[in-house]
Amino acid sequence: MPAESKRYMMRNGGQLVVECLPALGATKSFGVPGGSYLAIIDAPYDRAGERDHVLCHNEGRAIRAAMRDSAS
């Protein structure tokens, strides 16, 4: 695929969110597995090594893990 074509490739919402995280200073993300935002869960695998994504059992655990991580 020519370089010009790659420049205008379509991206999904999950890819856009993951691309914006470094601008916000995020080094880690927390979430729960599920279908409603599967694109956000899949997007970090396309950009492996840039940040950690922690999958938690439920939303409450994800929130507590994120709060603990931000306090350290």
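Along strand β1 of this predicted model, the side chains take turns: S29 and G31 point to one face and are buried, while K28 and F30 point to the other face and are not. The strand itself covers residues 28-31, and S29 has its place there. Why does S29 count as buried? Its relative accessibility comes out at 15%, and buried means under 20%, so S29 falls on the buried side of that cut-off.

So much for the strand on its own; next comes its partner. β1 pairs with strand β2, which takes in residues 52-55. The two strands run in the parallel sense, and four bridges join them. Within this pairing, G31 stands opposite L55 in β2. S29 also has company from further along the sequence: leaving out residues up to four places away, S29 touches D52, H53 and V54. With H53 there is a polar contact too, made side chain to side chain at 2.6 Å.

Zooming out, the protein has four helices alongside its two strands. Read from the N terminus on, the elements go α-α-β-α-β-α. Contacts that bridge long stretches of sequence show up in the totals as well: of the contacts with a separation of 6 or more, 62% are between residues 24 or more positions apart. Buried residues such as S29 and G31 belong to a group that makes up 17% of the 72 residues in the protein. As for the outside, the protein exposes about 5,500 Å², with carbon and sulfur atoms supplying 57% of that area.

Conventions: Residues numbered from 1 in each chain as written. Predicted model: local features only at pLDDT ≥ 70, side-chain atom pairs only at ≥ 80, totals over all residues. Heavy atoms only, no water. Buried < 20%, exposed > 50% of the residue type's maximum accessible area, 1.4 Å probe, protein only. Polar contact = N/O pair within 3.5 Å; in protein donor to acceptor, adjacent residues only side chain to side chain. Contact = heavy atoms within 4.5 Å. Pairing = 2+ DSSP bridges. Areas by Shrake-Rupley, 256 points an atom, 1.4 Å probe, with all protein chains shown as cover.
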